[in-house]
Amino acid sequence: MSAYRGRCRQTPTALALVALVLTPATAFSQSEDSCAVWHDSETDGPFNPASIEIRLGGDVGPDMESKLFGVLEDYLASYPTLKTIKLMLSSNGGYVTSGFRIHNYLRGLHERHGLQVVTHNTGSVQSAAVDVYCSGNQRIASPYSIFMVHDSSRELEGNYNLKDLQDIAEEDHLDTAASHQIFSSCTTVPVSEVGVMFADETYFDPDQALDLGLAHSIQPATFDRSADIRCQIEASDEEELVE
């Protein structure tokens, strides 16, 4: 059972992750997740990529974890020259624990392995997606984008005794405390003041995010010619999650 922090629930779709070696003229398929290596070995010689850009959308949940971790680990293992991971993120949130796991994983790539992790809000970063966004040691907001934070909630089904409810309340308390700590750590807002923002369901525009230190700069989300590898991941919603 897991707490949920998200604004909307989307219909699950079956999406296969496909790795492709393409020429620069080849575009992404809009109907499936895909990765493109922008390199022609016959004319460009050895491939030593320095950066990977991932357009990441959909629900924060196990599907996003699986696809994102799978792509990163495959490419990081194959290409030790990779130094920069850029996430072009747009998500209305999802499951708290998935947000924590993605945050911890990406922070580890920066703090333990020295990779630069850049997170870019391309339109909307809300709820548990803010935890993912905060994993970036460099954080960018698009000029017309929004952020939103709020406390987690959960739907309960079945029968629960008093001990069960106490355990659930304790888990929610720990989730909430961790969410507040993550937000405080990537802003100038003290932990003691974060709770009010989350309880009131607070929205931020790019300028406000910049003032809070949540974003480091405001830039359009556009085509990056310097990216050696580009991926597109659209995570599906997990209607039933058991942990």
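Here are some short exercises, each with a worked solution, on a predicted model.

**Exercise 1. Helix H2**

Work out what span helix H2 should have at 1.5 Å a residue, and compare that with the distance between its end C-alpha atoms.

*Solution.* Start with the extent of the helix: H2 covers residues 62-78, which makes 17 residues. Next, the rule multiplies 1.5 Å by one less than the number of residues, so the expected span is 24 Å. Finally, look at the model: the end C-alpha atoms of H2 lie 24 Å apart, in agreement with the expected value.

Which residues of H2 are buried? They are Asp63, Met64, Glu65, Lys67, Leu68, Phe69, Val71, Leu72 and Tyr75.

**Exercise 2. Aromatic pairs**

Find how many aromatic pairs the whole structure holds, then classify the pair of Phe69 and Tyr105.

*Solution.* The search of the whole structure gives six aromatic pairs. In the pair of Phe69 and Tyr105, the ring centres are 4.3 Å apart and the planes make an angle of 25 degrees. Planes under 30 degrees apart count as stacked, and the pair of Phe69 and Tyr105 is indeed stacked. Now place the two partners: Phe69 sits in helix H2 and Tyr105 in helix H3 (residues 96-111), so this pair links distant parts of the chain, 36 residues apart. Phe69 and Tyr105 are both buried.

Now classify the pair of Tyr133 and Phe147 in the same way.

*Solution.* Here the ring centres are 5.0 Å apart and the planes stand at 65 degrees. An angle over 60 degrees counts as edge-to-face, so that is the class of the pair Tyr133 and Phe147. Tyr133 belongs to helix H4 (residues 128-133) and Phe147 to strand E9 (residues 146-149), with their positions 14 residues apart in the numbering. Tyr133 and Phe147 are buried.

Which residues form one aromatic cluster with Phe47? The other members are Tyr75 and Tyr79.

**Exercise 3. Positive phi values**

Locate Ser127 and Glu201, and decide for each whether it is buried, partly exposed or exposed.

*Solution.* Begin with Ser127, a residue other than glycine whose phi is positive, near 60 degrees. Ser127 lies in the loop between strand E7 (116-126) and H4. Its relative accessible area is 0%, so Ser127 is buried.

Turn to Glu201, where phi is also positive in a residue other than glycine, near 55 degrees. Glu201 is placed in the loop between helix H6 (191-199) and strand E10 (202-204). Its relative accessibility is 30%, and Glu201 therefore counts as partly exposed.

Technical notes: Residues numbered from 1 in each chain as written. Predicted model: local features only at pLDDT ≥ 70, side-chain atom pairs only at ≥ 80, totals over all residues. Heavy atoms only, no water. Helix = DSSP H or I, 4+ residues; strand = E, 2+ residues; numbered from the N terminus. Buried < 20%, exposed > 50% of the residue type's maximum accessible area, 1.4 Å probe, protein only. Phe/Tyr/Trp six-rings, centres within 6.5 Å; stacked < 30°, edge-to-face > 60°.
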